[in-house]
Every structure is written in C-alpha cells, then in structure tokens.
Amino acid sequence: MTAPAPVTRRERTRGRRADPRAGSRTVRFAMVLGVVAVLGMWWLSVPSGFAATPADAMTSLGELSGMVGAFLVCAQVLLIARVPWFENAVGLDRLVSWHRSLGASVVFLVVAHVLFLVIGGELLSRNPPWTEFLSLLNSYPDMTAALVGTIAFLAVGFSSARLIRRRLSYEVWYWLHVTTYVAIFLTFLHQLSGGAHFVAYPVNRVIWIALYLGTAAAVLTWRFILPGLDAWRGRMRVVSVVPESQNVNSVWLTGPHIDRLGVRAGNFMLFRFLTWGHLATAHPYSVSAVPANGYLRITVGALGDHSSRMPALRPGSLVFAEGPFGRFTADRASRSRILLVAGGAGIGPIRALAEELVRRGARPVVLYRARSAQHLALLGELQSLPGVTVVPLVGRRSELGYDPLDVDPLRRIIPDLHDWEAFICGPEGMGERVEASLRMLRMPKRFIHREELSMS
C-alpha cells in the first residue's frame, strides 16, 4: 500500500475561509484595542505632573509616541507573519496593504519619539538640540543600540516610499526589510532598560515582553519553521523554461505532491529556485496553469534581476515554494458577465482564471493590453478556450493617440459595463486606470477585483 502524501498546513486551513469583511473588522478592532491598551499602560504609569511644564509635556509625548510606535511595529510584523487565521480572514493582499500603511505611521512615531524627547530635554536643560541629543545617548542604557535600530527603521521606511522603491531592485529592497528584525531587537533592549514606563513597573515589563515574544514566536513558526517543512515536503523541480513572448517566459514545474498544494486559478506562490542568482530571495509569481497531471506552470515577465534570469534556469533545478496565497480567485465572481483585464505578465493569472470560469459555465471577455503584438504572451491559449472572447488592445498610447483603457474605448467595446464584474491584473498604473474607468462607467467597487501581489 502506498503511503499517503503529507498534508501541508495550507491544505489543513483550506475551506475555512471567513467572510473577508467580518475578518477585516475583527483585525482592525484588535489593532485599535491594542493601541488603547498601550494608552492605558502609559496613563496608569505616567507621573501626576506629566504636563506641569512644557518640558514635561514634550517628554511625556515622546514616551507615548515611542510606546505606540513600538506596538505598531509588532502589529506590522504580525500582519505579514503568514498567520493562517489572518490570511483566511482578511487575505494576504489586504494584510500587505495595511502593513505598508502602518509603515508611514511607525516612521512618523519614531521620529516624533526622538524629537519630543530632545525638545523636552532642551527646554529643561537649555542646551542646544545637538548637545541634548548626545546627552540622551550618554544618559540612558542601550541607547547606542537603539540609535542603530532607529536608523534601520528609517531606512526601511524610506525605501518603501513609492519614488525610492521604483529605483531599488527587489533583492536590495528585500534585504533592507530583513534588517527590520534586527532593528526591533536593538530598540526593544532600550525600552526595558531605559523606558520610564517599564523600569519601575514590572507588570508593564511582563506585558511588553509577552508582546514581543508572541510576535517573535509567530514569525518563527509561520514564516520560517512550518513553511520550511512544507517547502521541503513539497519540493519541486524545473521541467522546462518556455519563451512565450518578448521578455515573458513560462516555467514548468513538477513535484511528488504538486497536485495536493491546493493551488487555485488566480493564486500566487513564493518561489525560491535553488540555483545561482535565485537562491538569496523568494519571489511571488502567479500560477498560469493550475496543477494537473503532476505539473504546474508560472508565467513571468522580465521586470527585474530575478525574473530576467528565468531563461537561465536548468531542467532539474530544485525549487522550494510557499503558498498558495491570494484571493484573486473565481469564487469571488457573483455576476454572470465577467470582464478580465490583463497587462504584461498579468496575463498568467488571467489565463488561469479564464479557464476556471469557463469550467464554471461563464463566458468571460478578456481585454489584453500590450505595447505590441510581440508582447502578447499566451494569446493562442486564451483564444483556444471555448467560450472566451479575447480583445487584444495593442499599441503604445503615444502611437495610438489615446488610452484603450479609458472610459470611451471601454464603453465602445462593452456598452453596459455597469452590469458586469471585473478582474484586473497587470502593472499598478494600468490597474488604477482600469479601475477608475470602470467606476466612471458606474461599475460598483465591490465588483472590481484587483490584487497586486497576484501579478507576476
């Protein structure tokens, strides 16, 4: 008798997906409750004269901003710690969006923490700001480590700004973000050894240590230990790399348990290819053909160093994959008439979605945006799917004199779009343009589905 294939943690949690609206409300409520708890800790341990003078008020505000910022850092990490309940309740795309939004708040609070403490000390001692800053470094324990951690936080925060992020390779951005874990450790030390609300308040210390230990345990469990075990059990190998169009390649993969991964059309996974040029980072790529007969396919656009090296992959190369992730799936469709809009390597998940929707009895229309006919990857496959109507929108805007995804061109293609439902996958700018056009054509927002991470 053949032994059963191991069941991954994704399979164990599959089928228990909560209502995303209820899950979002629950997670938001928990975060607000956490901030209120931190405010309560600060209030119960703040001295009675915390605002007796401007210097006292500035110092108190500095301590409060530091405590709230430290809590939000833990919340940020937990949102992307791959905790199954969070992902099933909210969806990884929304969790990542919240994580990014919190990043700006954390940077603001970290800067406010330092500025308020320096201003408070300056008002008290009458020293110039730079002298007061050096005095703070020398007056409290673990401040040098905290300074290094703060600089790391600021570097990570600024690297995520859209203007800077576009100029960084994924690898540089990724490893900058890895330093966040070191920054958290370095700043945590000075909170316990020098924080006015922890040194003399053992209950606060215990609560704070529990918060950080719980966060660390979640990260170790759900981002490293369990994914590592799942990746090893479900390890894959490269079968072949197939050019699909200019700068777009498909990678066919196989593995002993590939049909048990629970991958659905529209999902993406994190792939780490164990070969030179790919080993250092895992990248999110969408599935363009769901597992069948022991094979799975991803279709990747050459958008960076990692994806540009796909053609150099050799058959037999070992691959670790984590996932599947994402809620860009056919079961979100609630209308009979469905529009699929693809651009660039976004054609991968759109192609898989089109096939799934046909199996469900739908007859989707695919708008395929490309700069030239040479960039229409997987076009033949889409056109061969029964019941699928494909409308290529080819040409640069500068050459056409208009944007094919603007309101009037879309209205000419489908006059009654307000009665349709849309799934959009492509570059961020294209997605925003399509969504804006559909909203102007009176398509309700709840029927417009985008998921940035699902894009290869």
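This is a guided tour of a predicted model, going from its helices to its two sheets.

Begin by selecting residues 92-125, which form helix 5. At 1.5 Å a residue, the 34 residues of this helix should span 50 Å, and because its end C-alpha atoms lie 49 Å apart, the model agrees with that expectation. Extend the selection by one residue to reach Arg126, which comes just after helix 5 and takes a positive phi of about 65°.

Next, select residues 143-159 and residues 170-194 together, so that helix 7 and helix 9 are both shown. Two packed helices are described by the angle between their axes and the distance between the axes. Here the angle is about 150° and the axes are 8 Å apart; angles over 145 degrees count as roughly antiparallel, and helix 7 and helix 9 are therefore roughly antiparallel to each other. The crossing in which helix 7 passes helix 9 is left-handed. To see where they meet, show the side chains: the residues in helix 7 include Met143, Gly149, Phe153 and Ser159, while those in helix 9 include Trp173, His177, Ile184 and His190. Sorted by class, the contact of helix 7 with helix 9 has twelve nonpolar residues, eight polar ones and no charged ones.

Now turn to the barrel, which six strands close in the order 1-2-5-4-3-6, with antiparallel pairing. Neighbouring strands of this sheet are turned by 40° against each other on average, if direction is ignored. For one pair, select residues 248-254 (strand 2) and residues 295-301 (strand 5), which run antiparallel and are joined by seven bridges. Within that pair, Val248 has Gly301 in strand 5 as its bridge partner. Then add residues 347-359, helix 13, which packs on the sheet and touches strand 4 (283-292) as well as strand 5. The direction of helix 13 makes about 30° with that of strand 4.

The last stop is an open sheet of five strands, whose order is 9-8-7-10-11 and whose pairing is parallel. Select strand 9 (389-394) and strand 11 (448-450) to find the edges: each has a single partner strand, so one side of each is left without a neighbour in the sheet. From one strand to the next, the twist averages 15°. To finish, which strand pairs with strand 7 (residues 338-343) over five bridges? Selecting residues 421-425 shows strand 10, which pairs with strand 7 in the parallel sense, and there Ile424 of strand 10 stands opposite Val341.

Notes
Residues numbered from 1 in each chain as written. Predicted model: local features only at pLDDT ≥ 70, side-chain atom pairs only at ≥ 80, totals over all residues. Heavy atoms only, no water. Axes fitted to C-alpha atoms, helices over the stretch in contact; angles between N-to-C directions. Helix = DSSP H or I, 4+ residues; strand = E, 2+ residues; numbered from the N terminus. Parallel < 35°, antiparallel > 145°, perpendicular 65-115°, else oblique. Left-handed = near helix turned anticlockwise from the far one by under 90°. Contact = heavy atoms within 4.5 Å. Nonpolar A, V, L, I, M, F, W, Y, C, P; charged D, E, K, R; others polar. Pairing = 2+ DSSP bridges. Expected span 1.5 Å × (residues − 1).
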